[in-house]
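This briefing covers cysteines, salt bridges, strand pairing and the main pocket of one protein model. Please keep the sequence and the 3D view open while reading.

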Amino acid sequence: MPHSLVLNLLPQSPIPSGYLTGKHLHALFLTLVSSVDKQLGDRLHEQKTEKAFALSPLQVRNNSDRDHLLQWEYRQSIAAHTPCWWRVSLLDDALFADLTSLWLNINPKHPWHLGSADLQITSILGTPQSTQPWANFSTYAQVYEEASDSERQIDFSFCTPTAFRQSNFDCALPSRDSVFGSLLRRWNQYSGIPFEESLLEPIFPSFFNIRTEFVADSRSKFIGCVGVMSFRILGDVDAIAIKQINALADFAMYSGVGRKTPMGMGMIRRHSTKVSRH
């Protein structure tokens with residue numbers, strides 16, 4: 001069952017910009033896990049393959065622009081007592097179950113540390129909210145059952161810089177195979193409802209308005225794309241295949257795509273560009 005949990009945070013002291021990078025938020029998540037299961041935290045830390053969780057950068061406001069872009073880089077500290085939110089997505093049923101005691105028994109007065117800053121987790125959202133579109137949950141069976149078997153248009157927002165591994169290098173240009181291939185691998189690994197790789201053949205890009213963005217830390221520079229991109233299902237495609245493709249597209253908000261999703265990159269979500277006509 002994929003879960004997209006939004007943690008509302010309140011820093012009790014300023015958070016230095018140097019501690020707002022993906023690696024520090026990744027470390028904070030592992031600290032949260034280790035607080036209830038040290039062995040699980042160690043396993044997740046050592047895991048080198050596809051990971052069962054994805055994180056967002058820390059956010060200080062709700063973004064309402066049409067592209068759904070999030071903030072991934074800070075040049076200044078976040079001031080004390082600035083309400084923040086942070087998305088934690090869990091793709092594995094077992095991982096969510098292992099962390100149940102953390103979600104149920106969170107103490108809003110307990111300080112967590114991000115660099116020199118103390119953070120309080122004031123609440124955790126796990127169901128859809130009108131003001132917080134990143135909070136949600138569903139079973140994999142529900143994602144599949146609720147997917148359209150007739151919709152051929154798929155519109156994505158790349159909300160944080162997204163890149164894909166090709167051979168030994170990163171590529172910031174999304175393609176059908178990189179975007180849907182990433183979704184398909186994660187779906188087949190965790191859902192228990194496997195789809196065939198040939199499913200991707202009728203998908204073609206139909207619109208894009210993307211740009212490159214750079215994410216730098218003390219060790220490296222990451223180049224990815226943000227913006228909007230649309231795909232269409234073309235040709236004579238049966239309803240089951242259309243349904244499976246739409247299920248992958250709906251799954252995107254939980255899984256992300258591409259590289260460094262456990263560090264806030266590759267956040268992607270489906271959106272609607274339909275305009276009502278009267």
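How many disulfides does the count come to? The count is zero disulfides. The model is a predicted one, and the points below are grouped by topic.

**Cysteines**

- A disulfide needs two cysteine sulfur atoms within 2.5 Å.
- For cysteine 84, the closest cysteine sulfur belongs to cysteine 159 and lies 19 Å away, which is too far for a bond.
- Cysteine 84 has 4% relative accessibility and so counts as buried, the cut-off for buried being under 20%.
- For cysteine 225, the closest cysteine sulfur is that of cysteine 171, at 9.0 Å, which is again too far for a bond.
- Cysteine 225 is buried too, because its relative accessibility is 1%.

**Strand β7 and its partners**

- Strand β7 spans residues 153–162 and is mostly covered, with nine of its 10 residues buried.
- β7 runs antiparallel to strand β11 (residues 221–233), and seven bridges join the two.
- Within this pairing, threonine 162 has cysteine 225 of β11 as its bridge partner. Cysteine 225 is the residue described above as buried, at 1% relative accessibility.
- β7 also pairs with β12, in the antiparallel sense, over three bridges.
- In that second pairing, phenylalanine 156 has arginine 270 of β12 as its bridge partner.

**Salt bridges**

- Five salt bridges are found in a search of the whole structure.
- Three residues, Arg165, Asp170 and Arg259, are linked in a network of salt bridges.
- Within the network, aspartate 170 pairs with arginine 165, and their closest N and O atoms are 2.8 Å apart.
- Aspartate 170 also pairs with arginine 259, with the closest N and O atoms 2.8 Å apart. Aspartate 170 sits in strand β9 (residues 169–171) and arginine 259 in the loop between α7 (239–255) and β12 (268–270), so this pair ties together parts that are 89 residues apart in sequence.
- The members of the network are partly exposed: relative accessibility is 34% for aspartate 170 and 46% for arginine 165, and the relative accessible area of arginine 259 is 27%.
- Another salt bridge joins arginine 211 to glutamate 213, where the closest N and O atoms are 2.9 Å apart. Arginine 211 is partly exposed, with a relative accessible area of 41%.

**Largest pocket**

- The largest pocket holds about 610 Å³ of space.
- Its lining is made up of 26 residues, and the closest to the pocket centre are Glu50, Arg186, Gly258, Arg259 and Lys260.
- Arg259, listed here among the residues closest to the centre, is also part of the salt-bridge network with Arg165 and Asp170.
- Three elements give two or more residues to the lining: β2 (53–55), β8 (164–166) and α6 (176–190).
- Which element gives the largest share of the lining? The largest share comes from α6, with six residues.
- By class, eight lining residues are nonpolar, nine are polar and nine are charged.

Definitions and conventions: Residues are numbered from 1 along each chain as its sequence is written. This is a predicted model: local features need pLDDT of at least 70, side-chain atom pairs count only at pLDDT 80 or more; totals for chains, interfaces and linings use all residues. Side-chain values use heavy atoms; hydrogens and water are left out. Buried means under 20% relative accessible area, exposed over 50%, partly exposed in between (1.4 Å probe, protein chains only). On a 1 Å grid over the protein atoms alone, a cavity is a set of points where a 1.4 Å probe fits but cannot get out, and a pocket is an open set with protein on both sides within 12 Å along at least five of seven lines; lining residues have an atom within 4 Å of a point. Grid points are joined across faces, edges and corners, and a volume is the space filled by probe spheres set on the points. Helices (H or I, at least four residues) and strands (E, at least two) are DSSP runs, numbered from the N terminus. Ala, Val, Leu, Ile, Met, Phe, Trp, Tyr, Cys and Pro count as nonpolar, Asp, Glu, Lys and Arg as charged, and the others, Gly among them, as polar. A salt bridge is a side-chain nitrogen of Lys or Arg within 4 Å of a carboxyl oxygen of Asp or Glu. Two strands pair if DSSP finds at least two bridges between them.
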